[in-house]
Each structure stands twice: as structure tokens, then as C-alpha cells.
Amino acid sequence: TMHTPMSAPNVTAPDDAVLDALRAVVGPEHVLTTATHDLTAWEQDWRRRHRGRARAVVRPADTAQVAAVVRACAAHGAPIVPQGGNTGLVLGGVPDASGTEVVLSLQRLQRIRALDRDNLTLTVEAGCVLQAAQQAAADAGLWLPLSLASEGSCTVGGVLATNAGGTQVLRFGNARDLCLGLEVVTADGRVWDGLRGLRKDNTGYDLRHLFIGSEGTLGVITAAVLKLVPQPAAQLTAWAAVPSLAAAVALLGVAQRHLGPGLTGFEVMNRLALQLVRRHFPALPQPLTEQDAPYAVLLELSDPEGETHARAQLEASLTHALQEGCALDAVVASSVAQARTLWHIRECIPLAQAEEGLNIKHDISLPVSRIPAFCAQAEVELQRHAPGARLVNFGHLGDGNLHFNVQCPEGADAAAFLRAHEAAINTLVYDLVRAHGGSISAEHGIGRLKAATLPRYQDPVALALMRAIKQALDPHHRLNPGRVLADGQAPTAP
Ligand code: FAD
């Protein structure tokens with residue numbers, strides 16, 4: 001068979017041999033099965049669109065236990081699904097419906113192992129929630145500049161496994177750019193100790209970068225060394241109404257010229273995205289009287305020189321933007337609380353979408369220069385295909401990353417709409433993304449959701465190299481089978 005683990009016998013026996021082996025490693029109370037526990041939190045994805053079935057959820061306490069769990073599963077031919085906070089959006093970290101996959105939860109590995117102030121590094125275990133890692137940095141007067149709306153639940157391991165981006169990618173890069181070292185359990189249960197906090201290390205292939213973004217298909221991340229930066233003396237947030245996407249791109253240019261590396265965030269949201277937030281979170285305040293501009297932009301400035309300097313700079317750049325016509329109205333948050341509220345509005349968009357009902361998500365990236373043309377063309381084609389479909393378009397414009405999401409027509413049956421149109425709309429959007437030189441997954445990854453789609457859009461040589469790497473590091477397909485590389489595309493076990 002394609003996946004030797006799948007052919008394991010008595011997979012449905014409640015007390016099969018692998019469970020006994022796992023109990024011996026982590027203690028019986030940390031091997032959860034449906035017989036004894038409600039496994040919804042581990043079996044269902046964050047969007048609640050898919051519910052798989054786990055053979056068991058196993059919760060090791062440290063790296064040695066993770067390695068022993070991997071070896072036990074290997075000995076019994078059980079496939080493993082590593083899981084952190086289960087906030088991933090592409091079904092990478094939830095089990096499939098087979099009932100054979102063991103969910104390896106990293107949640108008990110949450111220690112802060114070290115903070116080195118002179119080296120500006122933080123060493124944390126994989127199950128540490130991102131917010132706790134941020135707090136550990138802040139407690140030392142430092143900053144871990146990786147922030148996303150799921151930071152209260154997602155883990156350092158998950159963030160690295162998916163190479164997550166966030167709102168400061170524009171300045172500090174993705175998770176990849178913030179990681180100096182890793183500790184990884186390999187598919188055959190060895191431990192690679194690569195926990196070095198070096199900014200320069202050219203001693204052969206960079207294994208760290210191979211594991212980052214591999215979505216748990218090549219190894220299990222158990223700890224990481226993360227880069228920190230000094231906390232800026234001041235951070236200011238501004239909100240601007242803009243007449244079009246082209247104007248938003250022009251405003252980005254103005255902000256980059258005026259603020260230089262101080263510009264740490266630049267988010268865009270269309271009118272419908274904000275209307276949905278108002279509808280589902282009516283208690284949130286409105287930033288501007290100009291509520292119905294086609295787009296709004298959120299800017300963040302981080303300034304080592306302090307608040308007065310930051311405010312003068314930000315106001316000067318916004319004044320310039322208003323004069324140039326790329327902004328209709330703008331406001332600079334006057335307090336930290338107000339700035340938080342502005343970010344909160346932005347972060348409520350995915351939640352408002354979920355409240356509004358099922359929708360089709362596209363996490364795409366394009367050269368910034370192509371975004372206005374892409375969106376104009378995609379909207380026309382979308383309306384031609386599905387008249388009345390509502391586009392919720394928002395994202396990290398500074399990184400060329402849009403969440404180009406589609407909601408059913410107002411009042412329509414969302415489930416029926418998705419059944420009828422989801423596949424065709426995906427193809428329409430992704431084909432156009434390719435035509436404009438973009439990517440079909442900017443930050444959420446491939447998982448199972450896009451594994452069958454990837455071959456259509458990925459360079460064939462790149463795909464072949466990816467398969468060769470999988471074959472070299474996990475020849476028996478024990479780790480996250482069918483994720484990233486779909487079953488039919490995967491190499492066979494020797
Ligand atoms: P999980 O969901 O548990 O796992 C994700 C993938 O990583 C799975 O394939 C899993 O098998 C693998 N994995 C997890 N832990 C490990 C490990 N220790 N070793 C090896 N593999 C592992 N993503 C962004 O990039 N930018 C955003 O701005 C962003 N915003 C979000 C907002 C919301 C509201 C939500 C729900 C999600 C958002 N995401 C975003 C997606 C998600 O939060 C990130 O991908 C996050 O990094 C996932 O972390 P997690 O711990 O929840 O991982």
C-alpha cells in the first residue's frame with residue numbers, strides 16, 4: 001500500500017497494542033480515547049467544518065517522551081498527526097476520518113527554557129502558546145515581533161511548522177525569519193538538537209529551514225530559539241479611509257517613504273469586511289465618520305525615538321497622503337487602548353465572517369503592484385460566475401497577502417452555495433492568482449485542504465524535489481501522511 005501505517009491490524013480495537021505502548025511512555029492519563037474522553041477539541045478543526053476521528057490523543061510531557069511516542073507509533077505502524085493549538089486553517093493538524101491516526105499533542109511542552117538578553121534570544125518549547133512567549137519577552141523589556149489573531153491559542157511549534165506570518169511581517173518577516181534554532185524529533189524517533197542562537201552558521205544544509213513550514217510532515221518540532229528585538233520606545237496606530245485598492249497601494253508607498261523601517265504594519269480591509277464586523281460586534285466603536293469608504297487601512301509605526309517623534313512622523317505622512325488623494329480621512333490613535341481597539345476591529349473580521357456563515361477562504365499573495373488589477377479582474381469573474389456573491393477582502397497588504405474570501409449572496413443558503421460553487425470559485429481565483437504571478441497559499445499552508453490542488457499550481461521540479469525530501473526524511477509516511485503532498489502524489493514506501 002501507499003502508506004504502510006494504514007495497513008496496521010485491529011485499528012478499531014479500543015485497547016490495541018499501540019495504546020498500551022503509548023500508556024507505558026506517557027502514563028495512562030495522558031492517552032485519551034473516545035472511550036474515555038470527548039476528543040472534539042483535538043478532532044475538529046478551528047472552523048468546525050471538519051471532524052476527524054483519532055485513534056488516540058497522546059500528550060507527552062517532554063522531548064524524550066515525544067521521541068518515545070514517535071518510536072512506539074513507528075513500531076506499531078500508527079501514523080502521527082502533530083498538533084499544537086489546533087488553530088491551523090488547512091486541516092493539517094486534525095486527524096482524518098480513518099480512525100487510525102494518533103494525535104501527538106505538544107501542549108504539555110510549554111516551558112520557557114532560557115532568555116538571553118545580550119544575544120536577544122528566547123528558547124521555548126513547542127507547546128508554549130505564542131502569547132506566553134511574547135509575554136516572556138515583554139517581561140524582560142524585549143519584543144517578540146510575531147503577532148497574529150490566534151496568538152492566545154496557537155503554539156510556537158505550530159507557528160514554526162506553518163511558517164506563520166502576522167501583522168509585522170512587513171518589518172520582521174515570517175516565523176522563519178524569527179527562528180535561529182530548533183530541536184526536532186525525526187520520523188524514526190531520534191532527537192536533533194539544533195538549539196543554537198547563532199545569526200551566522202554556514203555549516204552545510206540549513207535543516208532548520210527545512211523543518212520550518214513543513215507542516216509536521218518531516219519532523220516534530222519540540223523546542224525553538226526565537227529572535228527578539230528591543231522594545232520600541234513608542235508604537236502608534238493609525239486608521240485611514242481610502243477610495244480604492246490602488247489608493248491603498250499608493251498609501252503604502254507614501255508610508256514606506258516617510259516612515260522607513262518604522263512602518264511595522266499595514267493592513268487593508270474592504271467595506272464589506274467592516275460591515276460584517278459592525279453587524280456581529282455592534283458594541284465596537286467606529287474609528288472614523290467616513291465608515292463607508294471602499295477600503296480602510298490600518299498602519300502601525302514603531303519608533304525608537306519616542307512618542308512625540310512618532311506622532312509627528314505619522315501625522316506628516318498621513319497629511320501627505322490626504323493631499324495626494326490616496327486617503328480620504330485618517331486618524332491616529334490617541335492612546336494605547338484606542339490602538340488596541342483599532343487592531344481588535346481588524347482581528348474581528350475572521351470571527352465576523354464565521355458568524356455570518358460558511359464561506360470560501362483564499363489566503364493568497366501577489367506582487368503588491370499586481371493587487372489592484374488582480375482584484376478588479378477577480379471581482380468581475382466572481383460576479384459572472386456567481387451573481388450576488390459577496391467578497392470579504394482584507395489582509396496584510398504590505399506583504400502582498402490578501403484573504404480574498406467569498407460569502408454567499410445576502411440571505412442565501414450558505415451550505416448550498418458552497419456545494420454548488422466552491423470548487424469552481426477556487427479554480428477561478430487560483431488560476432487568476434497564477435496568471436498574476438502569485439501564490440495560492442501565502443501563510444496558512446497546504447495541509448489536507450489544498451494538497452490535491454497544489455500540483456496544479458506548483459512548479460513540477462519543485463514538487464519532485466519536495467517528494468524527494470519527504471522520501472528522505474520520512475520514508476514510511478509516518479508523519480502527517482497526505483498533508484502537503486496528497487496521497488496519490490507521495491512516493492511509495494521502500
Ligand atoms: P496547529 O493548528 O495545531 O497545527 C498546524 C500545522 O502544524 C499542522 O499541520 C500540524 O500537524 C503542524 N504542527 C503543529 N505543531 C507542530 C510541531 N510542534 N511540530 C511539527 N508540526 C507541528 N496564520 C498566519 O500565518 N497568519 C495569521 O495572521 C493568522 N491568523 C489567524 C487568525 C485566526 C483567528 C486563526 C484561527 C488562525 C490564524 N492563522 C494565521 C493560522 C494559525 O493560527 C497559524 O497557522 C498557527 O501558526 C497555527 O498554530 P497551532 O499551534 O494552532 O498549530
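**Ligand shell and selected residues**

Me: Of the 34 residues around the ligand, which come nearest?
Reply: A residue belongs to the surroundings of the ligand if one of its heavy atoms lies within 4 Å. The shell of this ligand holds 34 residues, and those that come nearest are Pro 82, Thr 87, Gly 88, Ser 150 and Thr 155.

Me: What pLDDT do local features need in this predicted model?
Reply: Residues are numbered from 1 along each chain as its sequence is written, and side-chain values use heavy atoms, with hydrogens and water left out. The model is predicted: totals for chains, interfaces and linings use all residues, side-chain atom pairs count only at pLDDT 80 or more, and local features need pLDDT of at least 70.

Me: How much of the 970 Å² that the ligand exposes when taken alone does the protein bury?
Reply: Polar contacts are pairs of N or O atoms within 3.5 Å; within protein, one must be able to donate a hydrogen and the other to accept it, and residues adjacent in sequence count only if both atoms are side-chain atoms. Oxygen atoms of the ligand lie 2.6 Å from a polar backbone atom of Pro 82, 2.8 Å from a backbone N or O atom of Gly 85 and 2.9 Å from a backbone N or O atom of Asn 86. Of the 970 Å² that the ligand exposes alone (Shrake-Rupley method, 1.4 Å probe), the protein buries 96%.

Me: Which element gives the most residues to the shell around the ligand?
Reply: Helices (H or I, at least four residues) and strands (E, at least two) are DSSP runs numbered from the N terminus. At least two shell residues come from each of β3 (80-83), α5 (156-161) and β10 (219-227). With four residues, the element that gives the most is α5.

Me: Between which domains does the ligand lie?
Reply: Domain bounds come from an automatic or database domain assignment. Two domains both give residues to the shell, so the ligand lies between domain 1 (4-108) and domain 2 (112-230).

Me: How many bridges join β8 to β10?
Reply: Strands pair if DSSP finds at least two bridges between them. β8 (residues 179-186) pairs antiparallel with β9 (residues 191-194) over four bridges, and Leu 182 stands opposite Gly 194 there. β8 also runs antiparallel to β10, where Thr 186 has Gly 219 as its bridge partner. The number of bridges joining β8 to β10 is seven.

Me: Is Lys 470 buried or exposed?
Reply: Lys 470 is found in helix α15. A polar atom of its side chain lies 2.8 Å from the backbone oxygen of Thr 217 and 2.9 Å from the backbone oxygen of Leu 479. Buried means under 20% relative accessible area, exposed over 50% and partly exposed in between (1.4 Å probe, protein chains only). Because its relative accessible area is 6%, Lys 470 is buried.

Me: Is Ala 472 buried or exposed?
Reply: Ala 472 has its place in helix α15 (residues 460-473). Its C-alpha atom is separated by 9.1 Å from that of Leu 218, 254 residues apart along the chain. With a relative accessible area of 59%, Ala 472 is therefore exposed.

Me: What value is phi of His 477 near?
Reply: His 477 lies in the segment after α15 and, at 2% relative accessibility, counts as buried. His 477 is a residue other than glycine, yet its phi is positive, near 55°.
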